[in-house]
Amino acid sequence: GVNTGVPATFLRVMDCTLNCTWCDSSSVWRFGNPYTVNEILELWAEADLPRKFKDGQHLVLTGGSPVKQQFELIQLIEAFVAKYGFKPYIEIENEAVLPPHPDLIALVDCWNNSPKLESSGNTKRAQYKPVILNKLSALNNSWFKFVITDEQDWDEIQRDFISTGLIRKDQIILMPEGATREDLMNTRELTVELAVKHGVRFSEREHVVIWNKKTGV
């Protein structure tokens, strides 16, 4: 996304509202362990994260679906602020199907929204929520990343998101689909060509380029 390359800590929550056929993190967010707020703060302290956050490292809330657990995340961030006297720079990964609470909106510095297209294998009813998209688009720190698998994906983006006025073109980022380096070879060039042709941003899957299909990095 727009903050590619910035040092970051990922907090990944379990469960998701959708089930994308090409999801590259489903093997992770389907499993996990329950933690209390205090237990998470203790783990962060052991990893020296408060100092790193103060020095500018980002906290990325991801999943699964972090908005599905937004009230617990709000409680966690508020507890961190109460303990350390500052708030980390917070990004959130969001599939844009659940309404964010105003308290969460106030805490998040960058919304990395990723609406799903027909190629994801989800139903249109499950993945396409115009009211929520419109609300997210109105935020001045909101971006929309679309995963590209073929050329027809842009037609869907134009029809359902741009022409409807739900999303501005200058908020759009195109990312090639691919859970491995080999997969990216099949979609990267097309995605770059679409980004150049339509005047929108392109984002690489840097973690896949560097580590291939590996979790926990």
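This report describes the sheet, the helices packed on it, and some selected residues of a predicted model.

Local features need pLDDT of at least 70, side-chain atom pairs count only at pLDDT 80 or more, and totals for chains, interfaces and linings use all residues. Residues are numbered from 1 along each chain as its sequence is written, and side-chain values use heavy atoms, with hydrogens and water left out.

**The sheet**

The sheet is open and has 7 strands. Their order is E1-E2-E3-E4-E5-E6-E7, with parallel pairing. E1 (8-12) and E7 are the edge strands, each pairing on one side only. Strands (E, at least two residues) and helices (H or I, at least four residues) are DSSP runs, numbered from the N terminus. Two strands pair if DSSP finds at least two bridges between them.

Strand E5 (residues 142-148) and strand E6 (residues 172-176) run parallel and are joined by 5 bridges. One bridge partner is known by residue: Lys 145 is matched with Ile 173 in E6.

**Helices on the sheet**

Helix H9 (residues 181-198) packs on the sheet and touches E5, E6 and E7. The direction of H9 makes about 155 degrees with that of E6. Helix H7 (residues 130-137) lies across strand E3 (90-94), strand E4 (110-113) and E5. H7 runs at about 125 degrees to E5. Axes are lines fitted to C-alpha atoms, for helices over the stretch in contact; angles run from 0 to 180 degrees between N-to-C directions. Contact means heavy atoms within 4.5 Å.

**Buried residues**

Ile 132 sits in helix H7. Ile 132 counts as buried because its relative accessibility is 12%. Buried means under 20% relative accessible area, exposed over 50%, and partly exposed in between (1.4 Å probe, protein chains only). Neighbours within four places in sequence aside, Ile 132 contacts Ala 96, Val 97, Leu 98 and Pro 99. Gly 85 is 47 residues from Ile 132 in sequence and 32 Å away in space, C-alpha to C-alpha.

Thr 9 belongs to edge strand E1. Thr 9 is buried, at 15% relative accessibility. Beyond neighbours within four places in sequence, the contacts of Thr 9 are Leu 49, Phe 53, Gln 57, His 58, Leu 59 and Val 60.

**Backbone in the loops**

Two residues other than glycine have positive phi.

| Residue | Phi | Loop | Relative accessibility |
|---|---|---|---|
| Asp 48 | about 65 degrees | between helix H2 (37-46) and helix H3 (49-54) | 32%, partly exposed |
| Ala 96 | near 65 degrees | between E3 and helix H5 (102-107) | 1%, buried |

Ala 96 is also one of the residues in contact with Ile 132. The peptide bond from Gly 63 to Gly 64 is cis, with omega near 5 degrees. Gly 64 lies in the loop between strand E2 (58-62) and helix H4 (70-84).

**A nonpolar surface patch**

Val 192, Val 196 and Phe 202 make a nonpolar surface patch of about 250 Å². Patches are made of residues with over 30% relative accessible area and no salt bridge; like charges are joined within 9 Å, nonpolar side chains (Val, Leu, Ile, Met, Phe, Trp, Tyr) within 5 Å. A salt bridge is a side-chain nitrogen of Lys or Arg within 4 Å of a carboxyl oxygen of Asp or Glu. Accessible areas come from the Shrake-Rupley method with a 1.4 Å probe; for residues, only the protein chains shown count as cover. Phe 202 lies in strand E7 (residues 201-202). Phe 202 counts as partly exposed, with 33% relative accessibility.
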